[in-house]
Amino acid sequence: MADRRARGGTLVVGGGFAGSYVARVLGARGATIVSPENFMLFTPLLPEAASGTIEPRHAVVPLRAMCPGAELLLGRLTALDTTERVATVATDHGDTTVGYEDVVLALGAVARTLPIPGLAEHGLGFKDLPEAIHLRNHVLRRLEHAAMATAEEERRRELTFVFVGAGYAGVEALAELADLVEDARRRYYRDLPAARWVLVDAAPKILPQLPERLSAYAARELTRRGIEIRVSTRLERAEAGAVALSDGETIPTETLVWTAGVKPHPLLGVLGLPLDETGRVPVDEYLRVGGVEHVWALGDCARVPNRAAEAPDPPTSQHALRQARRLAKNLAGELEPYRYRMLGQAATLGRNKGVIVGPGFRARGFPGWFLTRTYHLYQLPLLSRKLRVVTDWTVALLFPRDIAELGRLGHPEGLDV
């Protein structure tokens, strides 16, 4: 016998974008969410949380508030018995077993790394909130170190920032942090030279998901701001104080940020489920895992066929949201195939600039930035969170960015006995 039963018979594994929306749409029918955190990270706001444009807490939504009909079990799935329909979850109080009628896998993805010498030791990630806040603290600490440095060579090394990966995450994070550093330098570090920002990608252009003209505009806008773009270039190795690129240049730097793609959660490999060549769980058009009864999957961890598209869905928040809505209805008995025609794609470029493409329209510059923010705000759940983010945006327009570096936050020294 299992220690407990999933509320409403549905166990949702993962409290990210996909899993939280399944539980939210199920409503009063109920579900049990298994998640190591009690919040859902709204990933489109992660770059702004890193740069201090918004309060980091406002980039997350408490799961208990977002999904009032669900119960939350803080922990991590460790085993899944699909025959007995029992899941084993590791919690702070030990392992517990949960019985279910249906289980929904929404484990998401983790950063995709490559066997590049020195990357694991010297690279910084940008996939979740702790990594984003760590990166912000790291960048602000570089400013302080540069201000204390006496040698010009040391200053230049501290003020050089290399980002590998020119997709949405890399471009938006670099643009936002470049704004933070430049604003801080002009106000508080006037003796420091301008920082050097280098964007590296093996692809022939940045933001390859966008149409050619908007991708080219984004490249021109970043270049105009002094950001160096190295396309068709790879990271060869990283070491303390420097990185080497495939074009032969070695760049002295204390900051290497890796944003070059994601891969499915590694837990999928130990659950005994079918996986495709990329490690994702294949599902049918109803989002059911093939060959396993009462198991469903969606989001970044699944290969989801889309009747309205020629290829499986990409790992984006808008697709995860629509998958969640369809899957929740299928669980409730309204079984229909999943289909979704993408609304468009968008990216912010810092300094009130952005690009967006949607059905029948394209925009760039300030209109693109404004429409991108508006769309993100529309997608953000809970009125209270929307108001908090709008307040943060308003304050950011009126006052300079906060440069407090909180690297020790959450790591107290303990009582002196």
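In the predicted model, L207 is buried, with a relative accessible area of 0%. This leucine lies in the loop that runs between β14 (196-200) and α8. Although L207 is not a glycine, its backbone adopts a positive phi of about 45°. Most residues other than glycine have a negative phi. A positive phi, near 75°, is also found at L382, again a residue other than glycine. L382 is placed in the loop between α10 (365-379) and α11 (383-398).

Strand β14, which precedes the loop holding L207, contains R196. The relative accessibility of R196 is 18%; because this value falls under the 20% limit, R196 counts as buried. The side chain of R196 is joined to that of E249 by a polar contact of 3.1 Å.

On the other side of the L207 loop, helix α8 contains R213. In contrast to the buried R196, R213 is exposed, its relative accessible area being 64%. This value lies over the 30% required of patch residues, and R213 is one of the residues that form a positive surface patch, together with R220, R362 and R364. Two elements, α8 (212-224) and β26 (361-364), each supply at least two residues of this patch.

Helix α8 thus links the two parts of this description: the loop with the buried L207 lies between β14 and α8, and α8 in turn contributes to the positive patch.

Conventions
Residues are numbered from 1 along each chain as its sequence is written. This is a predicted model: local features need pLDDT of at least 70, side-chain atom pairs count only at pLDDT 80 or more; totals for chains, interfaces and linings use all residues. Side-chain values use heavy atoms; hydrogens and water are left out. Patches are made of residues with over 30% relative accessible area and no salt bridge: like charges are joined within 9 Å, nonpolar side chains (Val, Leu, Ile, Met, Phe, Trp, Tyr) within 5 Å. Accessible areas come from the Shrake-Rupley method with a 1.4 Å probe; for residues, only the protein chains shown count as cover. A salt bridge is a side-chain nitrogen of Lys or Arg within 4 Å of a carboxyl oxygen of Asp or Glu. Lys and Arg count as positive and Asp and Glu as negative; His and the chain ends are not counted. The place of a charge is taken as NZ of Lys, CZ of Arg, CG of Asp or CD of Glu. Helices (H or I, at least four residues) and strands (E, at least two) are DSSP runs, numbered from the N terminus. Buried means under 20% relative accessible area, exposed over 50%, partly exposed in between (1.4 Å probe, protein chains only). A polar contact is a pair of N or O atoms within 3.5 Å; within protein, one must be able to donate a hydrogen and the other to accept it, and residues adjacent in sequence count only if both atoms are side-chain atoms.
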